[in-house]
Amino acid sequence: MGPRSILVLAALTGAGCPGDGDDSRAFEGPITVGPYPAAVSDSAATVMARLDHEAEVECRAWSEGGDPEDPAATGLATALDASDGCAHCRLDGLQPETTYSYAFYEDDHPLESRSERRFTTAPLPDDAQDFVFGVLADADGSDGVDTPAYAALAALEPAFVLQIGDLDH
């Protein structure tokens with residue numbers, strides 16, 4: 001059996017992306033979309049964020065009880081206007097079946113105050129396990145209407161979620 005990867009996908013380009021244009025739900029601050037885990041395996045992860053300016057950023061990941069000032073893994077990336085302003089940071093040397101918190105930094109300062117961004121690495125390839133996953137589309141509420149799909153899926157504690165698009169309505 002080959003290595004397994006857990007993928008979390010989100011529509012991050014085009015008009016359907018939150019934070020684009022005059023969207024009333026645009027994010028405040030230098031991170032306009034994300035951050036999101038883009039790929040997670042048993043020993044590595046790639047996380048991404050779209051920035052409102054060109055910058056070299058660092059992503060730090062630390063395990064439960066850990067400290068972002070002494071991370072388990074770090075990665076560097078550059079957000080360029082030519083690449084849609086997205087920074088993709090690869091984090092290597094992670095432990096299997098471990099939950100990590102992560103954050104993006106520029107010049108040693110966090111780019112957002114939120115600290116509960118997390119992902120969990122996959123088990124080792126030969127450690128077969130049952131798991132729950134979800135697929136969502138057209139799941140974002142509009143006009144103040146809550147969308148129960150997110151809460152229902154969260155209650156199932158999925159190992160991963162595929163968000164396949166239409167995040168803006």
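**Entry 1: strand 7 and its neighbours**

I started at strand 7, which pairs with strand 9 (residues 118–120) in the antiparallel sense over three bridges. This is a predicted model, and I read every entry below with that in mind. For one contact between these two strands I looked up T99, and its bridge partner in strand 9 is T120.

Next I turned to strand 4 (residues 55–63). Strand 4 also pairs with strand 7 in the antiparallel sense, over six bridges. Here I noted S63, whose bridge partner in strand 7 is Y100.

Then came strand 8 (residues 109–110). Two bridges join strand 8 to strand 7, and the two run antiparallel. I found Y105 bridged to P110 in strand 8. Strands 7 and 8 form a hairpin with two residues between them. I checked the turn as well, and D107 there has a positive phi of about 50 degrees.

**Entry 2: how enclosed is strand 7?**

I asked myself how many of the eight residues of strand 7 are buried. Seven are, so the strand is largely enclosed by the rest of the structure.

I picked S101 for a closer look; S101 is found in strand 7, which covers residues 99–106. S101 has 15% relative accessibility and counts as buried, because the cut-off for buried is under 20%. I also looked at S101 against W62: their C-alpha atoms are separated by 5.5 Å, although the two residues are 39 apart along the chain.

**Entry 3: cysteines**

My next search was for disulfides, and the structure holds zero. Why is C59 not bonded to C89? The closest cysteine sulfur to that of C59 is the one in C89, and at 5.1 Å it is too far for a bond; a disulfide would need the two sulfur atoms within 2.5 Å.

I noted burial too. C59 is buried, at 0% relative accessibility. C86 is buried as well, with a relative accessible area of 9%.

**Entry 4: salt bridges**

I searched the whole structure for salt bridges and got six. I wrote up three pairs.

The first entry on my list was R50 with D84, whose side chains meet at 2.7 Å, N to O. This pair links distant parts of the chain, 34 residues apart: R50 sits in strand 3 (residues 44–51), and D84 in the loop between strand 5 (73–79) and strand 6 (86–92). Are the partners buried or exposed? R50 is buried, with a relative accessible area of 6%, whereas D84 is partly exposed at 35%.

Then I took D108 with R60, a salt bridge at 2.3 Å, N to O. D108 lies in the loop between strand 7 and strand 8 and R60 lies in strand 4, so the pair ties together parts that are 48 residues apart in sequence. I found R60 buried, with a relative accessible area of 5%.

I followed the partners further and came to a network: salt bridges that share partners join E58, R60, E69 and D108.

Last, I looked at R117 with E112, whose side chains meet in a salt bridge at 3.0 Å, N to O. R117 is buried, with a relative accessible area of 15%.

**Entry 5: notes to come back to**

For a next session at the screen, I marked the hairpin of strands 7 and 8, and the D108 to R60 salt bridge that ties the loop between those strands to strand 4.

Note on methods:
Residues numbered from 1 in each chain as written. Predicted model: local features only at pLDDT ≥ 70, side-chain atom pairs only at ≥ 80, totals over all residues. Heavy atoms only, no water. Helix = DSSP H or I, 4+ residues; strand = E, 2+ residues; numbered from the N terminus. Buried < 20%, exposed > 50% of the residue type's maximum accessible area, 1.4 Å probe, protein only. Pairing = 2+ DSSP bridges. Salt bridge = Lys/Arg side-chain N within 4 Å of Asp/Glu carboxyl O.
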